[in-house]
Amino acid sequence: MSETTGQRPSGRGRFITFEGGEGTGKSTQIKKLADRLGAARLRTLVTREPGGSPGAEIMRHLVLSGMGKLLGPDAETLLFAAARDDHVRTVIEPALKQGVWVLCDRFADSTRAYQGSLGSVPAGLINAMQRVTIGDLKPDLTIILDLPVEIGLARAAARRGSGTPDRFEGEKLAFHQGLCEAYRKIAADEPARCVLIDANSDPDTVAGRVWIALRDRLLPTPASVVSA
Ligand code: TYD
């Protein structure tokens, strides 16, 4: 989690989430966007899920080590929900209230895609957990990075080096293909909130696409902040 300083905008900050399958380049793009918003003198906070607060980071260790999987899909989903509850309450909401723009690497759509579409956890259970953990909090913008699965998995493997794949990286190719489809469906179902971005280009080109999406939706008067 990192915070940049700058002029505080009036009112509540904006909540921007990044989603996508493995190796789609979310963390690179979040960093680039945070730098650009910082240059525009907006205060930003970069955070991630699962994790982002001390309590949630403990839960992150539990789920990514595979320990949560032993409990079964519903209980594993509860662990993600418990982590989110702490993160929202102690980090995201306080930052938004102070006018900070919060950039979050994964959020509730990850639960819908990984545990819902792929893990077969019933939508009713996911909705109930969401009501408890995030209530009315909804991202102002969700950037979904879309990349052919083989390329994403190769990137994730290169990043990992000789390390062991985590709980989800170790799933089969069909799982990751399903994930890509699940994210495309989320983007199609909620076009007002979500933008599907082609991530199969160099990082600066993708960053340009992300910036245009954000500018068009959250900075309706571009001259008031920065030019593209
Ligand atoms: P991470 O190392 O942060 O990977 P990535 O770079 O892909 O974001 O691992 C987070 C993993 O947790 C990732 O595989 C997706 C998964 N996840 C869920 O299954 N459900 C969730 O609600 C969240 C937030 C993450």
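# Briefing: a helix pair, a ligand site and selected loops

V149, E150 and L153 of helix α7 make contact with L173, H176, Q177 and C180 of helix α8. By class, four residues in this α7–α8 contact are nonpolar, two are polar and one is charged. The model is predicted. The points below cover the helix pair, the ligand surroundings, one buried loop residue, and some backbone features.

**Helices α7 and α8**

- Helix α7 spans residues 149-160, and helix α8 spans residues 173-189.
- Their axes come within 10 Å and cross at roughly 115°.
- The crossing of α7 past α8 is right-handed.
- On the α7 side, the contact residues are V149, E150 and L153.
- On the α8 side, they are L173, H176, Q177 and C180.

**Around the ligand**

- The ligand has 16 residues around it.
- E22, K26, R106, T111 and Q115 come nearest.
- E22 places a side-chain N or O atom 2.8 Å from a ligand oxygen atom.
- T111 has a polar side-chain atom 2.6 Å from an oxygen atom of the ligand.
- Q115 pairs with a ligand nitrogen atom instead: an N or O atom of the Q115 side chain is 2.8 Å away from that nitrogen.

**Q115, a ligand neighbour in a helix**

- Q115 sits in helix α5, which covers residues 108-118.
- Q115 counts as buried because its relative accessibility is 4%, under the 20% limit.
- Beyond its neighbours within four places in sequence, Q115 is in contact with T77, F80, S110, S120, V121, I126 and F168.
- One of these partners, S120, lies in the loop between α5 and α6 (123-133).

**Positive phi at R106 and S120**

- R106 is not a glycine, yet its phi is positive, near 80°.
- R106 is located in the loop between β4 (101-105) and α5.
- A relative accessible area of 12% is under 20%, so R106 is buried.
- R106 is also among the residues that come nearest the ligand.
- S120, likewise not a glycine, has a positive phi of about 60°.
- S120 counts as exposed because its relative accessibility of 59% is over 50%.

**A199, a buried loop residue**

- A199 is in the loop between β6 (194-198) and α9 (203-218).
- With a relative accessible area of 1%, under the 20% limit, A199 is therefore buried.
- Apart from neighbours within four places in sequence, A199 is in contact with T24, L145, D146, L147, R155 and V206.
- From A199 to F15, the C-alpha to C-alpha distance is 21 Å, with their positions 184 residues apart in sequence.

**Prolines P50 and P54**

- The E49 to P50 peptide bond is cis, and its omega is near -10°.
- P50 belongs to the loop between β3 (44-48) and α2 (54-64).
- P54 is part of helix α2.
- P54 has a relative accessible area of 70%, which is over 50%, so it is exposed.
- P54 and I144 are 90 residues apart along the chain, and their C-alpha atoms are separated by 26 Å.

Key:
Residues numbered from 1 in each chain as written. Heavy atoms only, no water. Axes fitted to C-alpha atoms, helices over the stretch in contact; angles between N-to-C directions. Helix = DSSP H or I, 4+ residues; strand = E, 2+ residues; numbered from the N terminus. Left-handed = near helix turned anticlockwise from the far one by under 90°. Contact = heavy atoms within 4.5 Å. Nonpolar A, V, L, I, M, F, W, Y, C, P; charged D, E, K, R; others polar. Buried < 20%, exposed > 50% of the residue type's maximum accessible area, 1.4 Å probe, protein only. Near = heavy atom within 4 Å. Polar contact = N/O pair within 3.5 Å; in protein donor to acceptor, adjacent residues only side chain to side chain.
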